[in-house]
Amino acid sequence: MSLLAGKTVVVSGVGAGLGHQVAAAVVRDGGNAVLGARTEANLAKSAAGIDPDGAHTAYRATDITDEGQCEALAGLARERFGGIDAVVHVAAWDSYFGGLADADFTTWQSVIDVNLLGTLRMTRACLPALRAGGGGSVVFIGTQSAVAAPSQVKQAAYAASKGALTSVMYSLARELGPDRIRVNSVLPGWMWGPPVQAYVRFTAHTEGVPEGEVLARLTERMALPEPATDGDVADAAVFLASDRARAITGQSLLVNAGELMR
Ligand SMILES: NC(=O)C1=CN([C@@H]2O[C@H](COP(=O)(O)OP(=O)(O)OC[C@H]3O[C@@H](n4cnc5c(N)ncnc54)[C@H](O)[C@@H]3O)[C@@H](O)[C@H]2O)C=CC1
Ligand SMILES: Cc1ncc2c(c1O)C(=O)OC2
């Protein structure tokens with residue numbers, strides 16, 4: 001039987017990258033995907049690419065800094081598909097923010113509000129449906145920068161927000177375990193997809209070096225020859241979302257081609 005046959009998975013932050021890959025993997029593996037992100041046009045495009053006849057997808061514009069919008073997305077999942085079995089939290093503000101020395105704490109607060117509190121708002125909005133269905137799975141997307149010195153510098157606020165999310169995961173796994181709700185994190189490293197592809201192009205251009213050289217620098221410390229793709233990270237998230245991970249909770253899974261090993 002397919003990994004997610006008959007299951008409904010809410011996915012936040014569906015744009016061109018990882019969120020789209022997660023939603024695509026959910027439908028490919030037999031489930032229903034309920035897509036949220038701020039821009040409705042991106043959602044429509046993503047859903048049309050995954051599921052042209054719309055039988056296994058639903059979407060709604062959702063900013064995870066707004067609790068009411070999170071609740072509306074969870075409500076859409078219940079209306080269209082009768083419940084929620086899992087939620088994968090991709091939405092994040094994942095740019096470069098400057099270091100501590102030149103910190104603007106207003107920006108820090110925004111990063112925390114999206115990456116940490118936004119993810120928790122979205123989780124809370126899904127809890128009644130997860131409980132009503134007898135349990136389910138919550139998957140956070142962290143980063144390897146949350147557990148080790150990052151390979152890029154000056155991202156203290158981002159690392160703080162994702163590190164806190166990874167810590168909260170342990171606490172929630174305990175809190176929600178009695179309701180058979182599992183909580184895990186996937187921690188990508190340099191993930192080959194639109195944002196990192198743009199970074200490689202930009203860096204090659206500004207340094208006047210071939211793109212292959214920039215990519216070689218990124219992969220230098222990886223055990224495998226190529227970085228994980230956003231599709232590879234999506235597969236790990238879908239596994240944790242599924243019943244095949246039924247005894248796994250309170251874990252972080254690095255999906256980074258072996259750049260860091262613990
Ligand atoms: N690209 C990489 O190498 C790495 C990415 N990650 C994580 O992977 C996820 C992103 O995947 P990517 O494919 O890189 O980028 P992406 O740009 O496809 O994903 C981020 C999405 O979150 C959305 N978003 C931002 N703020 C939001 C809000 N307030 N409400 C709703 N949606 C919001 C963005 O619009 C975007 O669609 C993030 O959680 C990021 O922290 C982690 C490690 C490495
Ligand atoms: C957003 C983002 N971009 C690039 C990278 C990371 C990240 O979290 C990371 O952990 O290693 C490289």
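In this predicted model, the shell around ligand 1 takes at least two residues from each of helix H1 (18-28), helix H4 (105-132) and helix H6 (194-207). In total, 29 residues surround ligand 1, and the closest are Gly13, Gly15, Gly17, Ala91 and Ala92. Sorted by class, the shell holds 15 nonpolar, 10 polar and four charged residues. Domain 1 (8-190 + 230-251) and domain 2 (192-227) each contribute at least three residues to the shell around ligand 1.

These two domains come from the domain assignment of the protein chain. A distance of 26 Å separates the C-alpha centres of domain 1 and domain 2. Where the domains touch, five residues of domain 1 are in contact with seven residues of domain 2. On the domain 1 side, the touching residues are three nonpolar, one polar and one charged.

The class counts for the two sets of residues are set out below.

| Set of residues | Nonpolar | Polar | Charged |
|---|---|---|---|
| Shell around ligand 1 | 15 residues | 10 residues | four residues |
| Side of domain 1 that touches domain 2 | three residues | one residue | one residue |

The chain also contains an open sheet of seven strands, paired in parallel and ordered E3-E2-E1-E4-E5-E6-E7. Strand E3 (57-61) and strand E7 (252-255) are the edge strands, each pairing on one side only. From one strand to the next, the twist averages 15°.

Within this sheet, strand E5 (residues 136-141) runs parallel to strand E6 (residues 181-188), and six bridges join them. Val139 has Asn184 as its bridge partner in E6.

Terms used
Residues are numbered from 1 along each chain as its sequence is written. Chains are lettered from A and ligands numbered from 1 in the order in which they are written. This is a predicted model: local features need pLDDT of at least 70, side-chain atom pairs count only at pLDDT 80 or more; totals for chains, interfaces and linings use all residues. Domain bounds come from an automatic or database domain assignment. Two residues are in contact if their C-beta atoms, placed from the backbone, lie within 7 Å. Ala, Val, Leu, Ile, Met, Phe, Trp, Tyr, Cys and Pro count as nonpolar, Asp, Glu, Lys and Arg as charged, and the others, Gly among them, as polar. A residue is near a molecule or strand if its C-beta atom, placed from the backbone, lies within 6 Å of it. Helices (H or I, at least four residues) and strands (E, at least two) are DSSP runs, numbered from the N terminus. Two strands pair if DSSP finds at least two bridges between them. Axes are lines fitted to C-alpha atoms, for helices over the stretch in contact, and angles run from 0 to 180 degrees between N-to-C directions.
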